[in-house]
Amino acid sequence: MSDRFQIELPLKDYKPEHFLLTVEGPVATITLNRPERKNPLTFESYAELRDTFRALRHETEVKTIVVTGAGGNFCSGGDVFEIIQPLLERDMVGLLDFTQMTGDLVKAMRACPQPIVAAIDGVCVGAGAIIAMASDVRFGTEAAKVAFLFTKVGLAGCDMGACGILPRIIGFGRAAELLYSGRVMRGDEAERWGFFNRLLASDAVLAEAQSFAAELAKGPTFAHGITKKMMHMEWDMSVDQLIDAEALAQSVCMQTEDYRRAFEAFAAKKTPVFEGN
């Protein structure tokens with residue numbers, strides 16, 4: 001397999017091999033598109049997703065990302081016959097190469113400056129649940145079935161950052177229950193526990209996610225990138241350290257033209273029009 005994809009920028013000109021990509025103005029939508037199998041991932045789709053999110057660090061036209069799945073499901077995780085079975089034949093070096101590559105997808109999602117909004121319906125399990133978890137905002141449905149299934153296949157729940165990230169979203173005890181048991185968390189429970197930001201009808205969830213992403217794209221997008229970076233950086237800081245770090249970050253944002261535009265619009269009793277600089 002090819003483990004590197006040459007991602008063409010601007011992203012609207014790129015034609016991915018292993019998922020769908022549409023760009024409407026400043027919003028890009030990535031659609032996992034193997035609906036006949038509930039959109040499982042392959043070695044190649046992992047790698048192309050990783051490289052796409054890495055490239056987004058240098059993208060200037062796309063301001064927000066929506067991630068979804070085709071055919072009424074989000075993602076059924078790694079393909080049983082195209083990933084799980086071949087991994088049985090790999091040695092330790094080959095297995096580590098794979099697990100580091102999948103972890104690099106989460107790192108790339110966290111490092112890209114654009115907010116990522118996941119639109120989740122139906123099956124969202126295994127690596128699919130991880131992609132949802134690694135998104136910044138999650139819109140779900142009552143039909144959603146979220147499960148971190150790793151224990152069901154004899155593996156630990158500590159996959160692709162789950163043991164560090166999931167407790168920060170829903171709390172330690174709830175995360176422990178899901179990661180030990182591998183059970184399904186249904187849509188209403190996911191909203192109640194804070195995994196889903198909003199619970200919507202299946203026929204509305206993607207449109208609502210795209211609408212929310214479009215609203216974010218109208219905002220001060222440079223500052224959004226700073227917010228995202230600081231939210232991730234501050235996990236490892238003391239309170240005093242993170243306060244100092246935010247002081248530096250905010251002073252940078254105060255030098256942007258968007259900050260000046262906001263003041264001038266307020267003074268003129270108008271709505272600011274942000275340009276991301």
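**Exercise 1. A salt bridge at K218**

Is K218 buried or exposed? Find its salt-bridge partner as well, and say how accessible that partner is.

Solution. The model is a predicted one.
Step 1. K218 has a relative accessible area of 53%. Exposed means over 50%, so K218 is exposed.
Step 2. The partner of K218 in a salt bridge is E215, with the closest N and O atoms 3.1 Å apart.
Step 3. E215 has a relative accessible area of 48%, which makes E215 partly exposed.
Step 4. Side chains of opposite charge can pair when their charged atoms come close.

**Exercise 2. Two more salt bridges**

Describe where the partners lie in the pairs D104 with K107 and D136 with K228.

Solution.
Step 1. D104 and K107 form a salt bridge at 3.9 Å, N to O. A salt bridge needs these atoms within 4 Å, so the pair counts.
Step 2. Both D104 and K107 belong to helix α3, where three residues, about one turn of the helix, separate them. K107 is exposed, at 55% relative accessibility.
Step 3. In the second pair, the closest N and O atoms of D136 and K228 are 3.1 Å apart. This pair links distant parts of the chain: D136 sits in the loop between α4 and β6, K228 in helix α9, and their positions lie 92 residues apart.
Step 4. D136 is partly exposed at 27%, whereas K228 is buried at 5%.

**Exercise 3. Salt bridges as a set**

How many salt bridges does a search of the whole structure find? Which residues do salt bridges with shared partners join into one network?

Solution.
Step 1. The search of the whole structure gives 14 salt bridges.
Step 2. K218 and E215 make one salt bridge. Elsewhere, shared partners join R50, D51, R54, D104 and K107 into one network.

**Exercise 4. Helix α9**

Check the span of helix α9 against its number of residues, then state what its buried residues pack against.

Solution.
Step 1. Helix α9 covers residues 221–233, which is 13 residues.
Step 2. The expected span is 1.5 Å times one less than the number of residues. For α9 this gives 18 Å.
Step 3. The end C-alpha atoms of α9 are 18 Å apart, so the two values agree.
Step 4. The buried residues in α9 are T221, G225, I226, K228, M230 and H232.
Step 5. These buried residues pack against α3, β4, α8, α10 and α11.

**Exercise 5. Nonpolar cores**

Which residues touch the most other members of the largest nonpolar core? Which residues does F148 touch?

Solution.
Step 1. The largest nonpolar core has 59 residues, and F53, F148 and F195 touch the most other members.
Step 2. Helix α4 gives the most to this core, with seven residues.
Step 3. Not counting residues up to four places away in sequence, F148 touches A129, I130, M133, L166, L178, L179, G182 and F195.
Step 4. Another core lies apart from the largest one; it has nine residues, including V66, A119, A209 and A213.
Step 5. In soluble globular proteins, nonpolar side chains tend to be buried together.

**Exercise 6. Two residues of helix α2**

Compare V80 and L87 by their accessibility, and describe the surroundings of each.

Solution.
Step 1. V80 is found in helix α2, residues 80–87, and L87 lies in helix α2 too.
Step 2. V80 is partly exposed, with a relative accessible area of 48%. L87 has 15%. Buried means under 20%, so L87 is buried.
Step 3. Together with F81 and I84, V80 makes a nonpolar surface patch of about 300 Å².
Step 4. Leaving aside neighbours within four places in sequence, L87 is in contact with F43, L95 and F98.

**Exercise 7. Backbone details**

Which peptide bond is cis between L9 and P10, and what is its omega? Where do N39 and M160 lie?

Solution.
Step 1. The bond that joins L9 and P10 is cis, with omega about 5°. P10 is in the segment before β1.
Step 2. N39 is not a glycine, yet its phi is positive, near 60°. N39 lies in the loop between β2 and α1 and is buried, at 1%.
Step 3. M160 also has a positive phi, about 60°, although M160 is not a glycine. M160 lies in the loop between β7 and α5 and is buried, at 9%.

Definitions and conventions
Residues are numbered from 1 along each chain as its sequence is written. This is a predicted model: local features need pLDDT of at least 70, side-chain atom pairs count only at pLDDT 80 or more; totals for chains, interfaces and linings use all residues. Side-chain values use heavy atoms; hydrogens and water are left out. Patches are made of residues with over 30% relative accessible area and no salt bridge: like charges are joined within 9 Å, nonpolar side chains (Val, Leu, Ile, Met, Phe, Trp, Tyr) within 5 Å. Accessible areas come from the Shrake-Rupley method with a 1.4 Å probe; for residues, only the protein chains shown count as cover. A salt bridge is a side-chain nitrogen of Lys or Arg within 4 Å of a carboxyl oxygen of Asp or Glu. Helices (H or I, at least four residues) and strands (E, at least two) are DSSP runs, numbered from the N terminus. Buried means under 20% relative accessible area, exposed over 50%, partly exposed in between (1.4 Å probe, protein chains only). Contact means heavy atoms within 4.5 Å. A nonpolar core is a set of buried Ala, Val, Leu, Ile, Met, Phe, Trp, Tyr and Cys residues joined through side-chain atoms within 4.5 Å.
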